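Visitor: I'm new to this one and would love a close look at a single part. Could you show me the whole thing before we zoom in?

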Amino acid sequence: KVGQRVVPLIMIKYYETGYGSWQDYVTLHESHIIAVPSDISDEIASQSIINPWTAFGLLDDIDAPQGEYILQTAAASVLGR
């Protein structure tokens, strides 16, 4: 809906067209956006797509055995927290 806050799945458009998020405007199919509930801040919503997948990829690549610890440097970043 017009005026509704959304998180664009811009990486889908990037792979289709070669353009990324450095655009003034982008047109996406409704299946390529996620509505943001009013109780979620812009700051949290803007990180909701990239950071969880980056953390998942990190942990998936490391493949640490169950019960072991993972030490990450530079953990003061949003991703590290």
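Where is the place of S46? Please start there and then walk me outward.

Guide: Happy to. S46 sits in helix 2, and what we are looking at is a predicted model. Helix 2 covers residues 42–47. S46 counts as exposed, because its relative accessibility is 55% and the cut-off for exposed is over 50%. From S46, look across to V36: the two are ten residues apart in sequence, and their C-alpha atoms are 9.6 Å apart in space.

Stay in helix 2 and go to D42, which belongs to that helix as well. D42 forms a salt bridge with R5, and the closest N and O atoms of the pair are 2.3 Å apart. This bridge ties together distant parts of the chain, since R5 lies in the segment before strand 1 (6–8), 37 residues away from D42. As a general point, side chains of opposite charge can pair when their charged atoms come close. R5 is not hidden away, though: with a relative accessible area of 29%, R5 is partly exposed. A search of the whole structure turns up one salt bridge, so you have now met it.

Now let's step back and see where helix 2 fits. The chain has three helices and two strands, and from the N terminus on they run β-α-β-α-α. Links across the sequence show up in the contacts too: among those between residues at least 6 apart in sequence, 58% join residues at least 24 apart. Of the 81 residues, 10% count as buried. The accessible surface comes to about 7,100 Å², with 58% of that belonging to carbon and sulfur atoms.

One of the buried residues is I10, in helix 1. I10 counts as buried because its relative accessibility is 19%, and the cut-off is under 20%. I10 and I33 are 23 residues apart along the chain, yet their C-alpha atoms are separated by 8.4 Å. A word of care on this spot: helix 1 (residues 10–17) has the lowest confidence in the chain, at a mean of 60, while strand 2 (residues 33–35) has the highest, at 90. For the chain, the mean pLDDT is 78, and 74% of the residues reach 70 or more.

Next, go on to helix 3, which takes in residues 50–62. At 1.5 Å a residue, its 13 residues should span 18 Å, and the end C-alpha atoms are indeed 18 Å apart, so the two figures agree. L59 has its place in this helix. L59 is partly exposed, with a relative accessible area of 46%. Together with L58, I62 and I70, L59 makes a nonpolar surface patch of about 320 Å².

Just after helix 3 comes D63, with a positive phi of about 50°. Most residues other than glycine have a negative phi, and D63 is a residue other than glycine with a positive value. D63 is also exposed, because its relative accessible area is 62%, where exposed means over 50%.

So, back to where you came in: S46 is an exposed residue in helix 2, and D42 of that helix reaches R5 through the salt bridge.

How values were computed: Residues numbered from 1 in each chain as written. Predicted model: local features only at pLDDT ≥ 70, side-chain atom pairs only at ≥ 80, totals over all residues. Heavy atoms only, no water. Salt bridge = Lys/Arg side-chain N within 4 Å of Asp/Glu carboxyl O. Helix = DSSP H or I, 4+ residues; strand = E, 2+ residues; numbered from the N terminus. Buried < 20%, exposed > 50% of the residue type's maximum accessible area, 1.4 Å probe, protein only. Patch = residues over 30% accessible without salt bridge, like charges linked within 9 Å, V, L, I, M, F, W, Y side chains within 5 Å. Areas by Shrake-Rupley, 256 points an atom, 1.4 Å probe, with all protein chains shown as cover. Expected span 1.5 Å × (residues − 1). pLDDT = per-residue confidence, 0-100. Contact = heavy atoms within 4.5 Å.
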